[in-house]
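This report is a first guide to the structure shown below. Please keep the sequence and the model in view while reading.

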Amino acid sequence: MPSVSTPDALDPSAVRGDFPILDQQVHGHPLAYLDNAATSQTPTPVLEAIQSYYRNDNANVHRGIHELSRRSTDAYEGARMKVARWIGAEDAGEVVWTRGTTEAINLVASAWGAANLEEGDEILLTDMEHHSNLVPWQLVAARTGARLRYLELDDEGRLRLEDLPGILAGGRVRIGAVGHVSNALGTINPVREIARQLHAAGALLLVDGAQGAPHAPVDVAELGADFYAFSGHKMCGPTGIGVLWGRRELLEAMPPYQGGGEMISEVQRDYSTWAELPHKFEAGTPNIAGAVAMGAAVDYLDGVGPERILVHEQGLVRQALEGLQAMPGVRVFGPRDPEGRAGVVPFTMEGTHPHDIATILDSQGVAIRAGHHCAQLVMKRYGVSATARASFYLYNTADDVDRLLDGLESVREIFG
Amino acid sequence: MIDRSTPPLKSLYQQLILDHYRKPRNRGELDDRTVEVLMRNPTCGDEITLQLKVEDERIADVKFLGDGCSISQASVSMMTTLLKGESLDKAHKLATRFTKMMHGDEEAARDPDLGNLRSLAGVAKFPVRIKCALLGFDALQEAMKKTRGEEEDAEG
């Protein structure tokens with residue numbers, strides 16, 4: 001992500017009013033929601049967009065000639081254009097709606113992989129990938145006979161980029177699939193450099209942007225990605241909607257992922273022809289309200305200023321890291337420099353399992369995640385079975401971080 | 001009205017539980033085991049390997065290896081202290097009683113047969129942690145199923 005020159009600081013108290021869910025007591029304490037890497041909360045304009053769509057405009061898209069169908073189609077396609085702009089894509093036809101990041105990656109692994117991979121080809125992954133950017137590739141590797149190669153991690157949770165030339169020198173890597181930001185470590189990966197090396201070796205790059213797109217400005221062209229996948233629910237949108245962006249010539253050359261209505265041009269008894277992009281990859285009635293809401297979420301985040309969000313999160317990360325590092329027996333995972341990470345802070349406490357940490361914090365209204373974070377290779381790399389993870393977003397405050405740190409003191413009192 | 005008040009943490013983290021977590025009983029490998037079961041909770045990564053030596057329908061010895069939270073590890077540790085020398089039928093009864101206690105059955109929570117395991121009754125008020133407490137007993141049920149299945153195979 002590009003470093004940003006001192007934007008006006010984001011004032012979280014000014015945006016908190018937009019998130020009604022934050023204004024509640026949990027177990028007798030005000031909610032401090034620090035599980036944003038799992039899912040983010042939804043601001044009023046997005047909630048209203050969903051309700052307004054169903055109250056006023058609901059109809060199937062691209063089918064009818066009646067007024068409501070025209071409106072729903074306009075809203076659906078308008079949202080696509082907003083999302084295209086959000087990631088710097090000039091061609092909205094390159095933006096495919098999916099159920100989420102997972103389906104977007106499965107789409108590429110399945111449709112691109114089946115057409116392009118053969119025995120002996122290699123797929124480059126990394127040890128920090130979320131299971132959703134591992135398992136689809138394992139499946140396509142099993143089907144095609146392709147091999148999986150892995151970039152390993154250094155002690156601070158960064159990719160060992162120095163190993164990449166050696167892996168690519170074999171000349172068999174056809175595609176790399178790499179997370180923009182690690183959900184289990186917070187690491188911001190040097191995607192541009194990875195793209196450069198992969199392209200020089202004649203390979204493509206898919207970027208798992210589930211933790212990237214929500215937290216900083218993304219420009220797919222500048223990143224050098226060939227595919228970029230992300231989800232609505234991690235960026236103030238609803239669950240069940242996500243995006244695959246892909247370069248037009250790649251998407252055009254790929255066979256469809258699923259068959260059905262909406263994705264065809266002509267259907268005969270024994271063959272069909274496919275609709276133009278992006279509809280070729282959108283079989284069946286899509287999640288129209290979800291798409292419209294994701295468009296509203298992009299509008300909302302645009303209003304706040306994406307470049308301010310990362311800076312704000314890094315301030316909270318700095319505060320959390322300082323507090324955690326001062327506690328005896330606490331081990332923090334991921335890059336030590338807050339500039340190298342997004343708002344994700346994983347940690348363990350000696351003598352206390354992460355689940356117990358999460359239960360004690362929950363009893364004080366502080367919501368964090370504990371577990372393997374769908375990244376079992378990361379857990380294995382650092383010799384733990386689970387970590388506790390606090391993750392921040394635009395509405396989190398310094399007080400939320402203090403509540404986390406105070407809560408950990410009471411964990412120590414109980415487990416002492 | 002939904003009761004959203006906090007169940008007291010003290011009911012969850014009793015000294016006896018923390019003691020078993022810090023100093024688990026019967027932890028280790030059982031060299032002359034007759035059955036072994038690895039039970040995992042895939043959502044959180046907790047795991048328990050339970051090893052039994054079963055002779056004449058009786059648990060002659062038991063040990064476990066495990067990695068997980070205080071509740072899962074204390075629960076299996078306490079469980080092993082109750083199992084040694086018990087018949088498989090009695091072990092099955094304990095598992096059933098304990099499972100009932102975890103689902104809020106107050107009569108089960110008063111059953112003296114459950115011994116120290118009764119200190120885990122408070123877990124019932126923390127629904128997301130019930131699975132943790134049951135992991136060891138899930139392993140026990142599976143181990144007994146395996147043992148009985150093998151016996152039937154041998155007889156059949």
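The text covers the domains, a helix, a strand pair, the nonpolar cores and one loop residue.

This is a predicted model, in which local features need pLDDT of at least 70 and side-chain atom pairs count only at pLDDT 80 or more, while totals for chains, interfaces and linings use all residues. Residues are numbered from 1 along each chain as its sequence is written, chains are lettered from A and ligands numbered from 1 in the order in which they are written, and side-chain values use heavy atoms, with hydrogens and water left out.

Chain A is divided into two parts, with bounds that come from an automatic or database domain assignment. Their centres, taken over C-alpha atoms, are separated by 28 Å. The table lists what each domain gives to the contact (heavy atoms within 4.5 Å).

| Domain of chain A | Bounds | Residues in the contact |
|---|---|---|
| Domain 1 | 12–30 + 306–415 | 35 residues |
| Domain 2 | 46–303 | 33 residues |

Helices (H or I, at least four residues) and strands (E, at least two) are DSSP runs, numbered from the N terminus. Helix H11 of chain A, residues 306–325, has 20 residues and reaches 29 Å from its first C-alpha to its last. That is close to the expected 28 Å, a span defined as 1.5 Å times one less than the number of residues. Among its buried residues (under 20% relative accessible area, 1.4 Å probe, protein chains only) are A:Pro306, A:Ile309 and A:Leu310. The buried residues of H11(A) pack against several elements of chain A, including helix H10 (288–304) and helix H14 (398–415).

Strand S4 of chain A (residues 95–98) points A:Val95 and A:Trp97 one way and A:Val96 and A:Thr98 the other way, all of them buried. S4(A) pairs with strand S10 (residues 242–246) of chain A in the antiparallel sense over 4 bridges; pairing requires at least two bridges found by DSSP. The bridge partner of A:Trp97 in S10(A) is A:Val243.

A nonpolar core is a set of buried Ala, Val, Leu, Ile, Met, Phe, Trp, Tyr and Cys residues joined through side-chain atoms within 4.5 Å. The largest has 76 residues, and A:Trp97 and A:Leu301 are among those with the most contacts inside it. H10(A) gives the most to this core, with 12 residues.

B:Ser119 lies in the loop between helix H5 (106–109) and helix H6 (130–155) of chain B. B:Ser119 is buried, with a relative accessible area of 8%. Its side chain reaches the backbone oxygen of B:Asn116 at 2.8 Å.

Methods: Buried means under 20% relative accessible area, exposed over 50%, partly exposed in between (1.4 Å probe, protein chains only). A polar contact is a pair of N or O atoms within 3.5 Å; within protein, one must be able to donate a hydrogen and the other to accept it, and residues adjacent in sequence count only if both atoms are side-chain atoms.
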